[in-house]
Amino acid sequence: MNNLSKIQIQVFVFFILVATVSIVPESRAQVSSAEGSPPVSTEQFTQVLWDQTGNPEGTGVTSQNFTDPGGVFDAFDNRAADDFEVPGTQGWNIKTVRPIGFYFNGPGPIQSLNVVFLTDSGGLPGSAIPGCDYQDIEPADVTDPNFIINLPEPCTLTSGVYWVSLQVNMPFNPNGQWFWMTEVDQSLNLFAWENPLNASGSGCLTWSPGIDCVPSLGPDLSFQLIGEPFATPRPIPTLSQWALLATAGMLGLLGVTFMRRIKVSGLS
Ligand SMILES: [Ca+2]
Ligand SMILES: [Ca+2]
């Protein structure tokens, strides 16, 4: 047996998809602060745009690019994502992402992380949105697993359902794993998860509903989106819509004229 096989067997023993952390009072205080006012920027119009941190269940799912030398654990690389909705009357400039998470199997910290906003494709993540794919971002405090991730440029989205994926870059040995906390409640679709080289044995080689890959987990992931909302302009009717409106107006006028003629002839 070569060294790589030995290492991989060792990882099968220690690598886990799901971890549980007890939510002690101190942790609850951290969660509570995430539920309240925006935890970062004090800019006048910056606000929490999407808050999915109300009911963490104390369990999490791995979302990690293993960066161990020689790529020995690359087959375990995996990532998680969850969805959110920009309301019909708004657009959002998303500036900060704030997940709730925890370190396990080691003390951390992460080296950096990847944040990708994706389209929705039938209830699962679709393609990365141009301008909203951020690789190798370093949060201000990498030792705090509830990262405050300030994006280098805002991600601007108009109304619709989208997905956000957070994946940490960190070696398994000796830093361990980072887990993204799951939520008891569900908003929109179930969170999604993938492990393209399937070292986990989950069978989720592409984006799949998370609980199909790692059963017994909650339906959603804990995170906030923070930034600035803006009003979207009312759509201008196209040429064909103007023609339709003009036709409707003409028909209405003809209808009124016809009714008046009936009335006039009825009186005469
Ligand atoms: Ca890797
Ligand atoms: Ca969801």
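This report walks through a predicted model of a single chain, with strand β10 and the nonpolar core as its main stops.

**The chain as a whole**

The secondary structure comes to four helices and 14 strands. Of the 268 residues in the chain, 34% are buried. If you look at contacts with a separation of 6 or more, 80% of them are between residues 24 or more positions apart.

**Strand β10 and its partners**

A good place to start is strand β10, which covers residues 177–183 and is mostly covered, with seven of its seven residues buried. In a regular strand, side chains alternate between the two faces of the sheet. In β10, Gln177, Phe179, Met181 and Glu183 point one way, while Trp178, Trp180 and Thr182 point the other way. Both sets are buried, Gln177 and Glu183 included.

Which strands pair with β10 in the antiparallel sense? The table lists β3, β6 and β13, each with its bridges to β10.

| Strand | Residues | Bridges to β10 | Sense |
|---|---|---|---|
| β3 | 56–62 | four bridges | antiparallel |
| β6 | 101–104 | four bridges | antiparallel |
| β13 | 220–221 | two bridges | antiparallel |

You can find these pairings in the structure through individual residues. On the β3 side, Val61 has Trp180 of β10 as its bridge partner. Tyr103 stands opposite Trp178 in β10, and Thr182 stands opposite Leu221 in β13.

**The nonpolar core**

The largest nonpolar core has 48 residues, and those with the most contacts inside it are Val61, Ala80, Val164 and Trp193. At least two residues of this core come from each of β2 (47–52), β5 (79–99), β6, β7 (112–121), β9 (149–170), β10, β11 (192–194) and β14 (223–231). Strand β9 gives the most, with nine residues.

Val61 is worth a second look here: this residue is among those with the most contacts inside the core, and its bridge partner in β10 is Trp180. For Val164, leaving aside residues up to four places away in sequence, the residues touched are Ala81, Asp82, Phe84, Val97, Val115 and Phe117.

**A residue at the surface**

Is Ser121, in strand β7, buried or exposed? Ser121 is exposed, because just 11 other C-beta atoms lie within 10 Å, and a residue counts as exposed at 12 or fewer. Ser121 and Trp163 are 42 residues apart in sequence, yet their C-alpha atoms are 9.6 Å apart in space.

Notes: Residues numbered from 1 in each chain as written. Chains lettered and ligands numbered in written order. Predicted model: local features only at pLDDT ≥ 70, side-chain atom pairs only at ≥ 80, totals over all residues. Buried ≥ 20, exposed ≤ 12 C-beta atoms within 10 Å, placed from the backbone. Pairing = 2+ DSSP bridges. Core = buried A, V, L, I, M, F, W, Y, C linked by C-beta atoms within 7 Å. Contact = placed C-beta atoms within 7 Å.
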